[in-house]
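Q: Got a minute to look at a structure with me? I'd like to go through it piece by piece.
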Amino acid sequence: MIKLKNISVRYGKNQILSNINLEVKEGENLIIMGPNGSGKTTLLKSMMGLIHFEGEIEIDGRNIRSFSRSEIARYISYVPQIFTTPFSFTVKEFVSMGLYRKKRDYWDEENDIEEALKITNIYDLKDKYINKISGGELQKCLIARALVQDSEFISMDEPMSHLDVKAVLEISSIIASLSSKGKGIIIVSHDVNIIKNLNGNILLLKNGNISFLGKEDNPDFVRSLETVFEVKVHKNNDIYYFTKL
Amino acid sequence: MKGKTFFISFSLVILTIFDFLISVAIGPVHISLNSIISVFYDKIFGFNYSWTYYVIIFYIRMPRVILALLVGSILGLSGLIAQTIFRNPLGDPYLTGVSSGAALGAAIGFLISPFLVTPLAFSFAMLAVGITFSISRTDGEVKAEILILSGISVSFLFSAVASYLIYLKVYNLRGVLFWLLGGLYGANWNEDFWLFIAALIIFPILIYFTRELDIILLGDEEAKSLGVNTGRVKSIVIILSSLITSLAVSLTGIIGFIGLVSPHIGRKIFGESHRYLIFTAPLIGANLLLISDTIARSSPQGEIPVGIITSFIGSPLLIYLLYRRRKI
């Protein structure tokens with residue numbers, strides 16, 4: 001279980017997060033949403049101890065500050081926002097880096113990564129260079145790498161932005177199937193409709209504060225969505241869409 | 001290792017041996033390859049050998065050829081590490097202030113006594129690295145961007161003082177200038193031995209971190225999330241590579257371009273992963289410096305500072321690589 005107690009993050013004079021309290025249990029999902037600049041990515045990164053924060057984060061009752069990097073890596077893996085990489089690693093080399101926390105000598109461990117490559121449908125790409133594949137394919141490599149890392153949770157920072165429709169469908173079904181196999185997914189998303197595929201708590205952030213934390217069926221959810229994003233929310237055939245206030 | 005990679009690496013080793021022999025052969029007294037091999041052979045098996053050739057080969061040319069190989073490989077490896085840690089293709093082993101620190105030390109050395117040039121160059125190089133490093137270290141982390149900027153600032157400061165000293169004491173200009181542009185003319189077995197010992201200790205430690213270096217290329221946050229203790233790894237490799245670069249520079253002066261261009265050539269041939277680059281970048285550096293130094297010492301106008309030659313060879317090579325990349 002990851003427990004955040006009074007987490008605040010400041011960049012210079014800017015208060016990015018203020019007094020966040022939160023719990024995520026093993027196997028549970030957490031969907032973090034909010035407008036640009038609301039502190040979503042910062043929250044995700046502080047949960048992994050990647051940035052400086054005030055307050056306490058506990059993993060299974062132990063302070064995260066006492067963890068080594070590889071201990072945190074055993075607990076939570078990270079699918080960062082898609083990046084353009086100038087580095088010409090092959091898909092296989094890239095995905096196998098996920099093994100590092102278990103096996104420092106991660107090179108040439110083809111068998112260990114085969115399953116992850118198959119689950120994410122990139123087995124055929126394994127000898128291609130990551131700077132020569134599409135955004136959707138790269139996203140799948142990042143997820144495969146997180147799978148290989150074999151952690152309790154996978155955190156993802158907007159895995160579906162910048163992807164075309166087909167890739168979005170594919171990635172979201174991969175994420176859903178990981179969740180159904182018991183992986184806890186902590187995901188930052190712009191797309192409200194991701195909750196169709198992913199059950200879990202929804203966290204709405206605004207200006208670094210929690211505006212809503214609960215399930216979709218909570219009567220406050222739609223209203224909070226409207227306040228947080230300053231839009232009118234409609235629901236049709238289970239799909240959310242928005243209009244101006 | 002893939003067949004092609006193995007073949008190219010093997011060819012690189014053969015090329016190094018070939019360059020070594022050619023370089024020993026070339027000089028004011030031409031010694032044929034046959035004679036070189038027979039002097040080696042006769043010496044090893046206790047036969048009579050040509051004393052003149054023996055002296056030229058073992059006391060004049062070989063120390064220098066070995067020094068070129070050692071310094072070239074140190075610059076190649078440190079350049080690779082700098083480019084990885086800074087995540088910047090312009091990374092260069094001198095970025096942490098090594099070269100300007102050494103320049104100031106050498107300039108002071110030239111004022112006091114020629115014997116102090118090397119020790120002072122080394123001490124000031126390490127001093128500059130130490131300052132750069134302590135500025136850029138926060139919370140046990142070394143931030144690449146801050147390291148580059150503090151390295152540049154420290155370099156400018158040390159260079160300014162060095163330039164001022166050189167400006168004041170114009171009488172020794174040629175000596176200082178020659179040193180600043182780099183040269184292997186001072187080579188002897190003693191220097192080779194100590195540099196070799198240093199490389200023997202430091203290279204394996206740097207090579208040990210090859211896997212972490214691959215992951216660090218992805219950036220600090222990703223590397224950490226994968227379980228790499230980036231603060232520790234980066235500190236160790238930067239300090240060790242700066243240490244051995246300072247040692248090389250204090251013996252030979254500031255030889256430019258080898259550290260920048262060798263990793264790029266390696267990457268072009270072997271790809272991004274350090275598993276091959278960690279061995280091939282130093283080999284390429286060794287070959288480049290050996291060839292450059294052979295040209296530098298066999299110029300008809302007398303010896304040219306080798307830094308001039310490395311730039312002459314290195315720049316077109318790099319431009320060619322960039323041009324090829326654009327076409328692809």
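A: Sure, we can take the sheet, then a helix, then the rings.

Q: Is this model predicted or something else?
A: This is a predicted model.

Q: OK, the sheet in chain A. What order do the strands come in?
A: The order is β2-β1-β4-β5 in chain A. These 4 strands form an open sheet, and the pairing is antiparallel.

Q: Which strands are at the edges?
A: β2 (14–24) and β5 (62–63) of chain A are the edge strands. Each of them pairs on one side only.

Q: And how many bridges link β1 and β4 of chain A?
A: There are 5 bridges between β1 (residues 2–11) and β4 (residues 54–59) of chain A. In that pairing, A:Lys5 stands opposite A:Glu56 of β4(A).

Q: Which helix lies across β1, β2 and β4 of chain A?
A: That is α1 of chain A, residues 40–47. Helix α1 runs at about 55° to β2(A).

Q: Switching to chain B. Which residues of α7 are buried?
A: B:Val176, B:Phe178 and B:Trp179 are buried in α7 of chain B, which spans residues 173–181.

Q: Why do those sit on the same side of α7(B)?
A: Because they cover an arc of only 160° around the axis.

Q: What covers them?
A: The cover for the buried residues of α7(B) includes α4 (98–112), α5 (117–136), α6 (144–168) and α11 (230–252) of chain B.

Q: What comes just after α7(B)?
A: B:Gly182 does, with a positive phi of about 85°.

Q: Now rings. How many aromatic pairs are there over all chains?
A: The structure holds 14. One of the pairs is A:Phe212 with A:Phe221. Their ring centres are 5.4 Å apart and the planes are at 50°, so the pair is tilted.

Q: Is A:Phe221 buried or exposed?
A: A:Phe221 is buried, at a relative accessible area of 0%. A:Phe212 is buried too, at 5%.

Q: What about B:Phe193 and B:Trp194?
A: Those ring centres are 5.0 Å apart, with planes at 75°. Over 60 degrees counts as edge-to-face, so this pair is edge-to-face. B:Phe193 is partly exposed, with a relative accessible area of 44%. B:Trp194 is exposed, at 55%.

Q: Which residues form one aromatic cluster?
A: B:Phe40, B:Trp51, B:Tyr54, B:Phe58 and B:Tyr59 do.

Q: Last one. Which ring does the charged end of A:Arg104 sit over?
A: The ring of B:Tyr208, 3.9 Å from its centre. In chain A, the charged end of A:Lys118 sits over the ring of A:Tyr123, 5.1 Å from its centre.

Methods
Residues numbered from 1 in each chain as written. Chains lettered and ligands numbered in written order. Predicted model: local features only at pLDDT ≥ 70, side-chain atom pairs only at ≥ 80, totals over all residues. Heavy atoms only, no water. Pairing = 2+ DSSP bridges. Helix = DSSP H or I, 4+ residues; strand = E, 2+ residues; numbered from the N terminus. Contact = heavy atoms within 4.5 Å. Axes fitted to C-alpha atoms, helices over the stretch in contact; angles between N-to-C directions. Buried < 20%, exposed > 50% of the residue type's maximum accessible area, 1.4 Å probe, protein only. Arc of directions from axis to C-beta. Phe/Tyr/Trp six-rings, centres within 6.5 Å; stacked < 30°, edge-to-face > 60°. Lys NZ or Arg CZ within 6 Å of the ring centre and 35° of its normal.
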